[in-house]
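Biologist: Let us walk through this model. I will ask, and you reason from the coordinates.

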Amino acid sequence: MARFPLEGPEQLFHFTQAATPPKPPRAHRGAEPGEKLLITGIAGGKGRLIARRVADFFQIAGVDRVPWQGAPHNVRLHVVDLRKRKFEDVFRTERPDALVHLAFVRHFRSDPEVRHEVNVLGTKKVLEYAIAQGVKRIVVVSSSYVYGALPDNPYYVDEDYPLNVSRTYPEVRDLAEVDQLVTAFLWRHPEVATTILRPVNTLGYYTHSTIGHYLKQRYVPTIMGFNPMVQFIHEEDVAEAVALALQTGAHGVFNVAGPGAVPLKVAIRETGGTAVSLPESFARTAIGQLFRLGLYPTPPGAINFLKYPCTIDGGRFARETGFSPLFSLEDTFASVRH
Amino acid sequence: MLEAVTSLPFAAAESLSTTAGGFLPDAIGQLRHEIDERMLRIPTRLNAYGYDPWGFHVDTTRRSTLVTSLLYRYWFRVETHGIDRLPPGRALLISNHAGQIALDAAMISLACFLEGEPPRIIRGMGEYWLPTVPWVNIIMVRTGSVVGTRKNCIDLLENEEAVIAFPEGIRGMNKLIWERYQLQEFGQGFMRLALETHTPIVPIAVVGSEEQAPGIANLRPLARLLRMPAFPVTLTWPWFGPLGMVPLPVKYHIYFGEPLQFEGNPSDEDEVIAEKVEQVKGRIATMLAEGLARRRSLFW
């Protein structure tokens with residue numbers, strides 16, 4: 001067996017050495033103009049913004065459970081539920097080159113079964129169909145929540161940090177699972193340029209995010225004695241990040257940080273609300289009861305996000321794609337002010 | 001006789017209030033001006049809302065600094081030597097640690113803020129349980145400290161901040177009075193971080209802090225029971241209740257040493273790192289010995 005010159009200390013297991021040096025990983029190129037792009041969940045706020053942002057560059061097709069009234073004329077729409085068999089036909093007829101996967105249930109109005117079916121099983125299907133149809137690039141928009149809000153979190157968590165959210169917030173474990181599912185796919189299929197984006201709290205006119213609804217309340221509950229730093233990003237900047245990921249072919253997992261962080265209560269003040277501090281034990285019981293009755297949008301696990309930081313380091317994405325948020329914190333807060 | 005004894009506290013309070021009326025408010029006003037002026041010149045970058053990326057907030061710190069500056073100026077009457085050795089940009093401040101309460105950290109930070117040019121905010125590395133304590137977590141973060149994770153320390157140093165660390169940790173803080181100025185075992189984490197981020201290490205010797213609360217015992221089983229890191233018994237604590245926590249008005253001398261720049265592989269074996277750690281420890285021990293030799297008295 002041919003021996004390769006070794007650098008550094010002698011290796012222990014010579015017999016495991018490969019006969020040929022491993023091929024360097026395929027360099028991923030960005031998208032070419034005119035490629036076909038399929039957006040799942042196109043009728044949601046982010047979907048619409050992304051479709052508008054890249055409409056000049058791609059031929060866009062979209063799929064969603066609900067129709068998009070007033071969609072641009074050059075966007076072909078399929079109204080299909082991703083849990084149905086017909087969903088596969090969309091891939092067969094469109095044969096997309098690129099895919100943006102946004103079809104997730106992030107609210108708690110539907111029951112956990114549906115969330116799991118759409119988020120985890122749905123993502124699995126989407127990835128299978130993408131491989132079958134020869135999709136060359138995939139962007140999945142996850143979120144920074146997957147790291148979880150924990151007291152010993154460093155400020156500026158990087159992409160290698162474990163996805164801890166289900167430790168204190170088991171209701172959203174499906175979103176962490178989706179993220180891990182796509183990460184596994186990313187390593188198994190190096191020929192596909194796969195990008196996982198984990199943007200911070202997204203605010204804006206079109207986006208219906210949990211944090212957006214939280215901040216739009218007149219009286220906003222907070223936890224007495226806690227005021228963590230929170231990062232925000234404008235929805236248009238998330239669309240911009242997706243466009244950059246497609247156009248550069250960035251392969252990997254990336255945090256997407258916005259213009260900066262402020263304490264939670266500053267964010268509440270700047271969006272026009274009034275913070276109401278509640279003792280934690282009371283808040284947990286009250287929110288738990290109200291959530292069970294369907295009167296409060298999030299389960300008590302979300303309280304950790306009002307106590308501890310879940311702030312991320314967006315450096316890797318900025319270096320890879322040159323991304324820099326266009327909207328300042330003031331602009332971002334103004335977009336949800338009531 | 002009895003009358004004389006009972007009237008004594010009142011007389012003392014009265015004389016104190018007249019002295020205070022004479023000079024304290026004026027001194028506080030001046031101190032406030034000084035702090036405001038210095039706060040404008042700190043190199044820490046802030047966003048539009050006055051926060052830095054780690055939650056440091058100028059207005060909160062300005063208020064807390066006013067209180068601790070009174071301790072610095074009038075209680076411990078700190079004398080700082082060699083503050084000009086604090087390099088601009090990133091620095092890792094390494095000091096001896098003692099005194100049951102971490103007032104030495106506060107006094108070193110204040111020395112850098114009140115006497116440094118430009119004034120610097122010193123970033124502390126807090127214990128992992130601190131973020132779970134209501135209000136304490138807010139004060140800790142707003143005044144510039146963070147949870148002491150590796151990533152936080154690296155990020156701060158790469159942002160050209162000055163970070164303070166006490167490699168003796170709790171071993172130093174709770175040592176007993178007859179162990180004063182004997183440096184305990186140093187941890188190695190700070191050296192690996194310095195090597196990784198190419199940060200100069202500024203050795204610091206604090207003389208005075210080790211006598212501020214003379215520990216005579218550390219009740220470890222009781223500490224474990226109360227889930228506290230230590231349960232010190234001093235000359236005054238817990239005998240006098242919360243009042244017993246007030247430190248003696250010893251005189252502080254803070255000596256800043258020449259920055260030490262180390263190079264090497266941050267993941268070297270323990271022995272290699274330990275050698276470098278010993279150099280820092282040796283430097284601090286020398287500075288402590290010199291400082292002690294120069295000291296005239298415990299209290300002035």
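Modeller: First, the geometry: axes are lines fitted to C-alpha atoms, for helices over the stretch in contact, and angles run from 0 to 180 degrees between N-to-C directions. The model is predicted, so local features need pLDDT of at least 70 and side-chain atom pairs 80 or more, while totals for chains, interfaces and linings use all residues. Residues count from 1 along each chain as written, with chains lettered from A and ligands numbered from 1 in written order.

Biologist: At what angle do helix 1 and helix 6 of chain A pack?

Modeller: Helices (H or I, at least four residues) and strands (E, at least two) are DSSP runs, numbered from the N terminus. Helix 1 of chain A spans residues 45–54, and its axis lies 9 Å from that of helix 6 of chain A. Helix 1 and helix 6 of chain A pack at about 55°.

Biologist: Which word describes how helix 1 and helix 6 of chain A lie to each other?

Modeller: Under 35 degrees is roughly parallel, over 145 roughly antiparallel, 65 to 115 roughly perpendicular, and the rest oblique. The packing angle of helix 1 and helix 6 of chain A is about 55°. Helix 1 and helix 6 of chain A are therefore oblique.

Biologist: Which residues of helix 1 of chain A make the contact with helix 6 of chain A?

Modeller: Contact means C-beta atoms, placed from the backbone, within 7 Å. Helix 6 of chain A brings residues including Glu235(A), Val238(A), Val242(A) and Leu246(A). Helix 1 of chain A brings Gly45(A), Lys46(A), Leu49(A), Ile50(A), Arg53(A) and Val54(A).

Biologist: What is the order of the strands in the open sheet of chain A?

Modeller: Strands pair if DSSP finds at least two bridges between them. Three bridges join strand 7 of chain A to strand 9 of chain A, running parallel. Four bridges join strand 9 of chain A to strand 11 of chain A, running antiparallel. The pairing is thus mixed, and the order is 7-9-11.

Biologist: Which strands stand at the edges of that sheet?

Modeller: An edge strand here has a single partner strand, so one side is left without a neighbour in the sheet. Those at the edges are strand 7 (201–203) and strand 11 of chain A.

Biologist: Which residue of strand 11 of chain A is the bridge partner of Gln231(A)?

Modeller: Towards strand 7, Asn201(A) bridges to Phe232(A), and Thr202(A) stands opposite Ile233(A). Towards strand 11 of chain A, the partner of Gln231(A) is Ala261(A).

Biologist: How many residues of strand 9 of chain A are buried?

Modeller: Buried means 20 or more other C-beta atoms within 10 Å, exposed 12 or fewer, partly exposed in between, with C-beta atoms placed from the backbone. Met229(A), Gln231(A) and Ile233(A) point one way from strand 9, and Val230(A), Phe232(A) and His234(A) the other. Helix 6 (residues 235–248) of chain A lies across strand 7 and strand 9, at about 70° to strand 9. In strand 9 of chain A, the buried count is six of six.

Biologist: Which element gives the most to the side of chain A that touches chain B?

Modeller: 18 residues of chain A are in contact with 20 of chain B. The elements giving two or more residues are helix 10 (329–334) and strand 11 (260–263) of chain A. With four residues, the element giving the most is strand 11 of chain A.

Methods: Contact = placed C-beta atoms within 7 Å.
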